[in-house]
Each structure stands twice: as C-alpha cells, then as structure tokens.
Amino acid sequence: SDTIIKYENKVNGLKKIICNLQQINDEGLRSKGIEEKKYFVLNQFSTTNKIIDLVRRSKESIDAMINPWGNKLLTYSKDELVKTIIEGVRVRIILDNKCKFENKILPHAIEQKFSKITTNVFIFDNYHILILDNSGTKSALIHSNEILLSTMMNQFNDLWNDQENKMIESN
C-alpha cells in the first residue's frame, strides 16, 4: 500500500506540473495577444451524422452555402429539415450554380438562392459552424460566437443579399 500511495503522489505531482505549465503557456500567449481556440475534425461518416444531429437540435436558424457535394450531404437530413421547419426554424440555403434544384429533395419552405459557392459551410443557430473540405472526406466543427462566426455570417449575408443571385420560386 505504501507503493500505491507513493505512485499516486507522483501522478498527482505530475498533474500539478502539467496544470502549471499550461497556465504559464496560456499567460504567455495572452500577453502576446494570442488566444488558443479548439475545433473538432470529423471524418465523412461523422460529418453526415453531425449535420443530421445539428439540424435536429436547431432552434432558430440554419444557414448554408453548399456546392454539389454539400447538396448531396444535405439530402441525408431531408426528414429532419422538414421537422425543424415545422418547429419554426428559418432555413436559408445558397446553392452553387452547378447544383441541380429538385423540388422532391428539399422542401419548399426552405429559402433558396443560387450563387458561386466553392466551400460548404453550415451555420446552425448562429453558433455552430460546420465547414467541409471539397473532397468530402473531412470537416471542421467549430462552436463559436466570436470572429469566425461573424466572418462567416457576413459572407453568407453578403451573398444572400446580392441582387444578382437568383431566388428559387416555389411552384
């Protein structure tokens, strides 16, 4: 039992050293005007599941800028999108000009426009940002209400409000 206590003390001492080093590192970065933020990198399977999950959990809005690959991923969450819209969530999507609009895939209640989109970006409730690479193999999930979110929202709103982008009419 003395050996166990000895090793527990060593482990606790190492934890304390690590915490102290992390604090020193954070203070050093802050004094230089640098702050570390984290995000999650998701594989293709996790990305699809996360889109469905975030659509389900949305309470206010879903804004997306998608190219043909993002359009394909969005079709997997069609049922959740319908339920979310019924619950009062505003859904706006800017599709790339290369995307083929098909009424059977996306509900009419989704506000849709066309523009040139190179990167897939989903913004859920003005907080969760999901950015997909163009190969469809990875994505980054960022929880933010800081500069990255405002930058992405400004980009979306600039495209959305551009009068040259075509609004899709409901039949």
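**Notebook: loop, cores, a helix pair and a strand residue**

I started at Asp125, which sits in the loop between β5 (120-124) and β6 (128-132). I'm working from a predicted model here, so everything below comes with that label.

**The β5-β6 loop**

I looked up the backbone of Asp125 and got a positive phi of about 55 degrees, although the residue is not a glycine. Then I went to Asn126, which is found in the loop between β5 and β6 as well. Phi of Asn126 is near 50 degrees, again positive in a residue other than glycine. Is Asn126 buried, partly exposed or exposed? I noted 34% relative accessibility for Asn126, and because buried needs under 20% and exposed over 50%, Asn126 counts as partly exposed.

**The cores**

Next I went inside. Which residues touch the most other members of the largest nonpolar core? I wrote down Val91, Ile93, Phe122 and Leu130, out of 23 residues in that core. I checked where the core gets its residues: α2 (44-57), β2 (61-66), α3 (68-75), α4 (78-86), β3 (90-96), β5 and β6 each supply at least two. So the two strands on either side of my starting loop both turn up in that list.

I then took Val91 by itself. Leaving out residues up to four places away in sequence, Val91 touches Ile62, Leu81, Ile85, Ile110 and Glu111. I also found another core lying apart from the largest one; this other core has 14 residues, among them Met65, Ile142, Leu149 and Met152. As a reminder to myself: nonpolar side chains tend to be buried together in soluble globular proteins.

**α2 against α4**

Both helices were on the core list, and I wanted their geometry. The axes of α2 and α4 come within 8 Å and cross at roughly 15 degrees. Angles under 35 degrees count as roughly parallel, and α2 and α4 are therefore roughly parallel to each other. I logged the crossing of α2 past α4 as left-handed.

What meets what in this pair? On the α2 side I have Ile52, Val55 and Arg56, and on the α4 side Glu80, Leu81 and Thr84. By class, that contact has three nonpolar, one polar and two charged residues. Leu81 is one I had already noted, as a residue touched by Val91.

**Ser115**

Last stop: Ser115, placed in strand β4 (residues 111-115). Ser115 has 7% relative accessibility and so counts as buried. I also checked Ser115 against Ile94: the two are 21 residues apart in sequence, and their C-alpha atoms are 6.5 Å apart in space.

Definitions and conventions:
Residues numbered from 1 in each chain as written. Predicted model: local features only at pLDDT ≥ 70, side-chain atom pairs only at ≥ 80, totals over all residues. Heavy atoms only, no water. Helix = DSSP H or I, 4+ residues; strand = E, 2+ residues; numbered from the N terminus. Buried < 20%, exposed > 50% of the residue type's maximum accessible area, 1.4 Å probe, protein only. Core = buried A, V, L, I, M, F, W, Y, C linked by side-chain atoms within 4.5 Å. Contact = heavy atoms within 4.5 Å. Axes fitted to C-alpha atoms, helices over the stretch in contact; angles between N-to-C directions. Parallel < 35°, antiparallel > 145°, perpendicular 65-115°, else oblique. Left-handed = near helix turned anticlockwise from the far one by under 90°. Nonpolar A, V, L, I, M, F, W, Y, C, P; charged D, E, K, R; others polar.
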